[in-house]
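Biologist: I would like to learn how to read the packing of helices and the backbone of a model like this one. Could we go through a few features in turn, with the general idea before each case?

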Amino acid sequence: MKIILMGAPGCGKGTQSPFVTDRYGVCHLSTGDMLRDAVTKQTPNGIRAKSAMDSGALVSDELVFGIVKDSIEKPECRYGYVLDGFPRTQRQAEMMDQAGEKIDAAIMFDTPDEVILERTGGRWIHKGSGRTYHEKYAPPKVAGKDDVTGEPLYQRPDDRREVCVKRLELYKKETQPLAEYYKSQGVFTSINANRIVQEVRKSIASILDPIGVATGLH
Ligand code: AMP
């Protein structure tokens, strides 16, 4: 099963992804996580991507596509993947098509702008696992510490409000139009992501369960 989760930064794609990987046996590919990892390790891609990421701009289509292409060939992706944060531009979507990657479902998380800015502004992350917390809606048991490991949490530099406003604008300009692209392929669904995690999860399952049965992959 080949699944795309689309939505503005902080819409809940990362929160829902573990549920999708567990339920359908697919791998999770977050281009944001992979790029942050490359930046931390100072790989050539990381060095190239850093300044665009810090300023809330998009990294080049070729660089991001290269990372995705390498990842989907890995054994853990043999039953498919859930792409979280990719494609973000029409060109990236076309590159996937040209590579013969046929998408089964593209789900757009619909969330009002003010909710997006509040969610990203209060977001805290555990670097090792990617677990995310929110200081108001999903606080850790001990402030600033990961529930499982007790390690310190960090705030992404690009979650600062002014950077988030820019990321949101870019999302509307570059990524939202992809709705039309995937509608024309008959694989698009939009869901209301401004609900509690369990409710959003139910909507995702109601879209993906029938496809999973059809493809025989769960
Ligand atoms: P995210 O964690 O998905 O919000 O991504 C963090 C940052 O990584 C973005 O603001 C971009 O700079 C970069 N990035 C992630 N995915 C992509 C993509 N598909 N295309 C271009 N840039 C990306």
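Modeller: Gladly, and please keep in mind that this is a predicted model. Let us begin with helix α5, residues 90–98, in which Gln92, Ala93, Met95 and Met96 are buried.

Biologist: How many degrees of arc around the axis do these buried residues of α5 cover?

Modeller: The general idea is that an α-helix has 3.6 residues a turn, so residues three or four places apart point the same way. In this helix, Gln92, Ala93, Met95 and Met96 are buried, and because they cover an arc of only 160 degrees around the axis, they lie on the same side of α5.

Biologist: Which elements do the buried residues of α5 pack against, and what follows the helix?

Modeller: The partners of those buried residues are α4 (61–72), β3 (81–84) and α8 (178–184). After α5 comes Gly100, which has a positive phi, near 80 degrees.

Biologist: Which residues have the most contacts inside the largest nonpolar core?

Modeller: That core has 57 residues, and those with the most contacts inside it are Val20, Phe109, Tyr182, Ile204 and Leu208. If residues up to four places away in sequence are left out, Tyr182 touches Ile4, Met6, Pro87, Ala93, Ile103, Ala106, Val187 and Phe188, and one of these, Ala93, is among the buried residues of α5.

Biologist: Pro87 appears among the contacts of Tyr182; where is Pro87 placed, and is the peptide bond from Phe86 to Pro87 cis or trans?

Modeller: As a rule, most residues other than glycine have a negative phi, and most peptide bonds are trans. Pro87 sits in the loop between β3 and α5, and the bond that joins Phe86 to Pro87 is cis, with omega near -5 degrees. On the side of phi, Gln42 is not a glycine and yet has a positive value of about 55 degrees. Gln42 belongs to the loop between α2 (31–41) and α3 (44–54), where it is exposed, with a relative accessible area of 59%.

Biologist: At what angle do α2 and α3, the helices on either side of that loop, pack?

Modeller: Two packed helices are described by the angle between their axes and the distance between the axes. For α2 and α3 the angle is about 115 degrees and the axes are 8 Å apart, and the crossing is left-handed. Gly32, Leu35, Arg36, Ala38 and Val39 of α2 make the contact with Gly46, Ala49, Lys50 and Met53 of α3.

Biologist: How are α2 and α4 placed relative to each other?

Modeller: Their axes come within 11 Å and cross at roughly 100 degrees, which means that α2 is roughly perpendicular to α4. On the α2 side the contact involves Thr31, Met34 and Leu35, and on the α4 side Leu63, Val64, Ile67, Val68 and Ser71.

Biologist: And at what angle do the axes of α6 and α7 cross?

Modeller: The axes of α6 (residues 113–121) and α7 (residues 161–175) come within 10 Å and cross at roughly 135 degrees, so the two helices are oblique to each other, and their crossing is right-handed. The contact is formed by Asp113, Ile116, Leu117 and Thr120 of α6 together with Arg161, Cys164, Val165, Leu168 and Lys172 of α7.

Biologist: Is Leu117 of that helix buried or exposed?

Modeller: Leu117, which is found in α6, is buried, with a relative accessible area of 14%. Apart from residues up to four places away in sequence, Leu117 touches Arg161, Cys164, Val165 and Leu168. The C-alpha atoms of Leu117 and Gly10 are separated by 7.8 Å, although these residues are 107 residues apart along the chain.

Definitions and conventions. Residues are numbered from 1 along each chain as its sequence is written. This is a predicted model: local features need pLDDT of at least 70, side-chain atom pairs count only at pLDDT 80 or more; totals for chains, interfaces and linings use all residues. Side-chain values use heavy atoms; hydrogens and water are left out. Buried means under 20% relative accessible area, exposed over 50%, partly exposed in between (1.4 Å probe, protein chains only). Helices (H or I, at least four residues) and strands (E, at least two) are DSSP runs, numbered from the N terminus. The arc is that of the directions from the helix axis to the C-beta atoms. Contact means heavy atoms within 4.5 Å. A nonpolar core is a set of buried Ala, Val, Leu, Ile, Met, Phe, Trp, Tyr and Cys residues joined through side-chain atoms within 4.5 Å. Axes are lines fitted to C-alpha atoms, for helices over the stretch in contact, and angles run from 0 to 180 degrees between N-to-C directions. Angles under 35 degrees count as roughly parallel, over 145 as roughly antiparallel, 65 to 115 as roughly perpendicular and the rest as oblique. A crossing is left-handed if the near helix is turned anticlockwise from the far one by less than a right angle, and right-handed if clockwise.
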